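Thanks, everyone. Please bring the structure up on your screens, and I'll walk you through it.

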Amino acid sequence: MANEQVLWSRWSEEWVVLYDDSTMAWFTEPGRSSPAGKILVKEAPEMLAIAHWTGQIPRRPPLPDGVSVSQLIALGSRRKRSKVYWMIAKSEEEVR
């Protein structure tokens, strides 16, 4: 998956893992032991939006060429009220 970075100036490839306790962690390299970031999905399930539902979230970043809205995932954080993590799945099938 790609994770949106600093002021939507670029998207970078990162590896995402969803753990049993609902922690979603992302890594800059596969197999790396410490994540670049993480969030507990169960703390704010209403802040998870996928595909066309991401249109309800303000400041949706522009998508790269060849990427469909159906590949987009947004995950918000209650702890950081204005923080939204934007991700792009490699394909629509990954989102399902």
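Let's start with one residue, Thr54. Setting aside neighbours within four places in sequence, Thr54 contacts Ala49, Arg60, Val69, Leu72, Ile73, Ala74 and Trp86. Where does Thr54 sit? Thr54 is in the loop between strand S6, residues 48–50, and S7. Is Thr54 buried or exposed? Its relative accessibility is 0%, so Thr54 counts as buried.

Now a step back. This is a predicted model. The protein has one helix and eight strands. From the N terminus, the order reads β-β-β-β-β-β-β-β-α. There are 96 residues, and 34% of them count as buried. The exposed area is about 6,400 Å², with carbon and sulfur atoms supplying 53% of it. Take the contacts between residues at least 6 apart in sequence: 37% of those join residues at least 24 apart.

Next, confidence. Mean pLDDT for the protein is 82. Of its residues, 86% reach 70 or more. By element, S4 has the highest mean pLDDT, at 90. Strand S1, residues 2–4, has the lowest, at 52. Then look at residues 4–8, where pLDDT stays under 50. The model has 11 contacts beyond four places in sequence for that stretch.

On to the cores. In soluble globular proteins, nonpolar side chains tend to be buried together. Which residues make up the largest nonpolar core here? There are 10 in all: Met24, Trp26, Ile39, Val41, Ile73, Leu75, Tyr85, Met87, Ala89 and Val95. Three elements give two or more residues to this core: strand S4 (23–27), strand S7 (72–76) and strand S8 (84–88). A second, separate core has six residues, among them Ala49, Leu72, Trp86 and Ile88. Recall Thr54: its contacts include Ala49, Leu72 and Trp86.

Back to the largest core, and to Ile39. Not counting residues up to four places away in sequence, Ile39 touches Ser22, Thr23, Met24, Trp26, Leu75, Gly76, Ser77 and Tyr85.

Two of those contacts, Trp26 and Tyr85, deserve a closer look. The structure holds one aromatic pair. The ring centres of Trp26 and Tyr85 are 4.8 Å apart and the planes are at 55°, so this pair is tilted. The pair links distant parts of the chain: Trp26 belongs to strand S4, Tyr85 to strand S8, and they are 59 residues apart. Both residues are buried.

Another contact of Ile39 is Ser22. Ser22 is in the loop between S3 and S4. What is its backbone doing? Ser22 is not a glycine, yet its phi is positive, about 80°. The relative accessible area is 14%, so Ser22 is buried. Beyond four places in sequence, Ser22 contacts Ile39, Leu40, Val41 and Lys42.

Compare Arg59. This residue also has a positive phi, about 60°, and it is not a glycine either. Arg59 is placed in the loop between S6 and S7, where we found Thr54. Thr54 counts as buried at 0% relative accessibility. Arg59 counts as exposed, at 59%.

Then Val17, in strand S3, residues 15–18. Its relative accessibility is 30%, so Val17 counts as partly exposed. Outside its sequence neighbours up to four places away, Val17 touches Thr23, Met24, Ala25 and Phe27. How far is Val17 from Pro35? They are 18 residues apart in sequence and 9.5 Å apart in space, C-alpha to C-alpha.

Last topic: charge. Side chains of opposite charge can pair when their charged atoms come close. How many salt bridges does a search of the whole structure find? One. The side chains of Lys90 and Glu13 form a salt bridge, 2.6 Å from N to O. Lys90 lies in the loop between S8 and helix H1 (92–95), and Glu13 lies in strand S2, residues 11–13, so the bridge ties together parts 77 residues apart in sequence. Lys90 counts as exposed, at 57% relative accessibility. Glu13 counts as partly exposed, at 42%.

To close, keep two long-range links in view. The aromatic pair joins S4 and S8. The salt bridge joins Lys90 and Glu13. Over to you for questions.

Notes. Residues are numbered from 1 along each chain as its sequence is written. Side-chain values use heavy atoms; hydrogens and water are left out. A nonpolar core is a set of buried Ala, Val, Leu, Ile, Met, Phe, Trp, Tyr and Cys residues joined through side-chain atoms within 4.5 Å. Buried means under 20% relative accessible area, exposed over 50%, partly exposed in between (1.4 Å probe, protein chains only). Helices (H or I, at least four residues) and strands (E, at least two) are DSSP runs, numbered from the N terminus. Contact means heavy atoms within 4.5 Å. A salt bridge is a side-chain nitrogen of Lys or Arg within 4 Å of a carboxyl oxygen of Asp or Glu. pLDDT is the predictor's confidence in each residue, from 0 to 100. Accessible areas come from the Shrake-Rupley method with a 1.4 Å probe; for residues, only the protein chains shown count as cover. Rings of Phe, Tyr and Trp (its six-membered ring) pair if their centres lie within 6.5 Å; planes under 30 degrees apart count as stacked, over 60 as edge-to-face and the rest as tilted.
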